[in-house]
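Here is an informal walk through one model. Have the viewer open while you read.

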Amino acid sequence: MKGRPIITTGLICAAVVGVALWVIHARLVGHWVEVHTGTVNEPGPYYGFWSGFGSDLTEFAIIGTIATGVYQLVKKYNCHYPGCWRVGNHPAAGGQFSLCYRHHPDYQGKKPTLDLIQRLHNEHLARQAAMLGKLHEVHQHSTDRPAAANGGSGPGASAAQAAGSGNTQADPGTLDVTAIPHDT
Ligand SMILES: [Zn+2]
């Protein structure tokens with residue numbers, strides 16, 4: 001939120017400068033375009049207007065459109081750090097932020113070096129492997145636990161096992177509650 005006025009002010013300044021430059025060079029550029037697109041109509045009565053101030057009207061509109069488009073693009077792709085103008089294409093916090101190399105916590109304000117890339121890549125692989133292993137462990141745990149808790153016998157054993165695989169945090173106390181409708 002804090003970066004918004006800065007970005008807006010910067011864009012307005014850029015647009016003003018762009019318009020000023022364009023107006024200064026309008027005669028030159030406009031004539032070049034007219035000559036090369038074959039739209040020159042020298043003897044026409046409106047030539048004076050369209051090659052003069054009139055030709056700037058469309059340019060104002062074009063600049064406005066371009067400025068709006070650039071603003072939208074910048075809003076979408078620039079770093080989420082307030083007031084930062086770099087392209088933020090490094091996701092952080094699981095994609096919540098798109099940050100530039102300078103503001104991404106992994107890069108410590110420097111461009112990622114080959115060492116860092118390899119280290120982060122290996123860390124990522126290790127984390128994925130650990131997560132997969134944990135998932136496997138939880139799955140094993142959930143299939144083993146209800147049978148052990150109930151001793152593998154009794155009328156509610158199969159129902160408890162079905163409920164247990166759905167909720168790994170359930171203890172035998174809650175499993176008995178789910179088994180009550182089964183008995184009545
Ligand atoms: Zn940044």
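What follows goes from the overall fold to the metal site, and then to a few local features.

**The fold**

First, a reminder that this is a predicted model. The chain has six helices and two strands, and along the sequence they come in the order α-α-α-β-β-α-α-α. Of its 184 residues, 18% count as buried. The accessible surface adds up to about 13,500 Å², and carbon and sulfur atoms hold 65% of that area. As for contacts, take those with a separation of 6 or more: 28% of them join residues 24 or more positions apart.

**The zinc site**

Which residues hold the zinc ion? The protein donors are C79, C84 and C100, each through SG, plus H103 through ND1. These donor atoms sit 1.9 to 2.3 Å from the metal. The angles among the four donor atoms run from 105 to 118°, and the site is tetrahedral. If you like to read such sites as a sequence pattern, the spacing here is C-x4-C-x15-C-x2-H.

Two of these donors, C84 and C100, link distant parts of the chain. C84 is in the loop between α3 (54-77) and β1 (90-92), while C100 is in the loop between β2 (97-99) and α4 (114-150). The two cysteines are 16 residues apart.

Are C84 and C100 buried or exposed? C84 has a relative accessible area of 5%, so it is buried, given that the cut-off for that class is under 20%. C100 is buried as well, with a value of 1%.

**A salt bridge on α4**

How many salt bridges does the structure hold? There is one, and it pairs the side chains of R119 and E123 at 2.9 Å, N to O. Both residues belong to helix α4. They are four residues apart, or about one turn of the helix. R119 counts as partly exposed, with 40% relative accessibility, and E123 is partly exposed too, at 35%.

**A nonpolar patch**

On the surface, F49, F53, L57 and F60 make up a nonpolar patch. Together these side chains offer about 390 Å² of accessible area. One of the members, F49, belongs to helix α2, which covers residues 47-51. F49 has 41% relative accessibility, which makes it partly exposed.

**The turn of the strands**

Between β1 and β2 there is a loop, and A93 lies in it. Its phi is near 55°, a positive value in a residue other than glycine. Is A93 buried or exposed? A93 is exposed, because its relative accessible area of 53% is over the 50% that the class asks for.

**Accessibility at a glance**

Here are the residues discussed above, side by side.

| Residue | Relative accessible area | Class |
|---|---|---|
| C84 | 5% | buried |
| C100 | 1% | buried |
| E123 | 35% | partly exposed |
| R119 | 40% | partly exposed |
| F49 | 41% | partly exposed |
| A93 | 53% | exposed |

How values were computed
Residues numbered from 1 in each chain as written. Predicted model: local features only at pLDDT ≥ 70, side-chain atom pairs only at ≥ 80, totals over all residues. Heavy atoms only, no water. Patch = residues over 30% accessible without salt bridge, like charges linked within 9 Å, V, L, I, M, F, W, Y side chains within 5 Å. Areas by Shrake-Rupley, 256 points an atom, 1.4 Å probe, with all protein chains shown as cover. Salt bridge = Lys/Arg side-chain N within 4 Å of Asp/Glu carboxyl O. Buried < 20%, exposed > 50% of the residue type's maximum accessible area, 1.4 Å probe, protein only. Donors = N, O, S within 2.8 Å, 3.2 Å for Na, K, Ca; no water. Tetrahedral: all angles 85-135°; square planar, octahedral: opposite > 155°, others 65-115°. Contact = heavy atoms within 4.5 Å.
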